[in-house]
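Colleague: Could you walk me through this protein chain, step by step? I am new to reading structures.

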Amino acid sequence: MSNKQIISTDKAPAAIGTYSQAVKVGTTVYLSGQIPLNPETMEVVADSFEASAVQVFENLKAVAEASGGTLQDIVKLNIFLTDLSNFATINEIMARYFEEPYPARAAIGVAELPKGVAVEMDGVMELVEL
């Protein structure tokens, strides 16, 4: 895969495992899962579910921009929630970050996420060739 480009930015949390923040192949960017880590302190933002979700979107935004795109370039977004009662809240927060047409999306209830957080998101971006 000679056209595989690893994306990294200090404006999003450093990888805490054996993965890259994103990988770009051609015009497609695969965004790794982001949890609510503050990239400056690497501490979990857990003041509230809303604060956690906002931090995750900010982390995704930073990686998207480092990849040469924006959140609007995300064509598939996966949201993992440890409590599905936060579904309405995640929709409201997502509306702050995305405009129509919205990406395809899954919101999945899970038992546990890394570092005990309540939300994680990953996605796929498609960049327009210039």
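Modeller: Gladly! Helices (H or I, at least four residues) and strands (E, at least two) are DSSP runs, numbered from the N terminus. This is a predicted model, where local features need pLDDT of at least 70 and side-chain atom pairs count only at pLDDT 80 or more, while totals for chains, interfaces and linings use all residues. Residues are numbered from 1 along each chain as its sequence is written, and side-chain values use heavy atoms, with hydrogens and water left out.

Colleague: In what pattern do the helices and strands follow one another along the protein chain?

Modeller: The protein chain has 2 helices and 6 strands. Read along the sequence, their order is β-β-β-α-β-α-β-β.

Colleague: What radius of gyration does the protein chain have?

Modeller: The radius of gyration is taken over C-alpha atoms, and the globule rule is 2.2 Å times the number of residues to the power 0.38. For 130 residues that rule gives 14 Å, and the protein chain comes close to it, so it is as compact as a globular protein of that length. Along its principal axes the C-alpha trace spans about 40 × 30 × 25 Å. The radius of gyration is 14 Å.

Colleague: What percentage of the residues in the protein chain is buried?

Modeller: Here buried means under 20% relative accessible area, exposed over 50%, and partly exposed in between (1.4 Å probe, protein chains only). Of the 130 residues in the protein chain, the buried ones make up 41%.

Colleague: Which element gives the largest share of the largest nonpolar core?

Modeller: A nonpolar core is a set of buried Ala, Val, Leu, Ile, Met, Phe, Trp, Tyr and Cys residues joined through side-chain atoms within 4.5 Å. The largest one has 27 residues, and F57, L77, I90 and M121 have the most contacts inside it. Two or more residues come from each of β3 (28-34), α1 (49-66), β4 (74-81), α2 (87-97) and β6 (119-126). The largest share, 8 residues, comes from α1.

Colleague: Why might such side chains gather?

Modeller: In soluble globular proteins, nonpolar side chains tend to be buried together.

Colleague: Which residues does F57 touch, leaving out those up to four places away in sequence?

Modeller: A contact means heavy atoms within 4.5 Å. F57 is one of the residues with the most contacts inside the largest core. Leaving out residues up to four places away in sequence, F57 touches L71, L77, I90, I93, M94, Y97, F98 and M121.

Colleague: How many residues are in the second, separate core?

Modeller: Among its members are I35, L37, F80 and V117. The number of residues in this second core is 5.

Colleague: Which peptide bond is cis, with omega near 0°?

Modeller: Look at the loop between α2 and β5 (104-109), where P101 lies. The cis bond runs from E100 to P101.

Colleague: Is K115 buried or exposed?

Modeller: K115 is found in the loop between β5 and β6. Its phi is positive, about 60°, although K115 is not a glycine. Not counting residues up to four places away in sequence, K115 touches I16, I35, L37 and V44. With 53% relative accessibility, K115 counts as exposed.

Colleague: What is the relative accessible area of M42?

Modeller: M42 sits in the loop between β3 and α1. Its phi is near 60°, a positive value in a residue other than glycine. M42 is partly exposed, and its relative accessible area is 29%.

Colleague: How far apart are the C-alpha atoms of S48 and A118?

Modeller: S48 lies in the loop between β3 and α1. At 35% relative accessibility, S48 counts as partly exposed. Along the chain, S48 and A118 are 70 residues apart, and their C-alpha atoms are separated by 9.6 Å.

Colleague: What separates the C-alpha atoms of G33 and M121 in space?

Modeller: G33 belongs to strand β3 and is partly exposed, with a relative accessible area of 23%. Not counting residues up to four places away in sequence, G33 touches E120, M121 and D122. G33 and M121 are 88 residues apart along the chain, yet their C-alpha atoms are separated by 5.1 Å.
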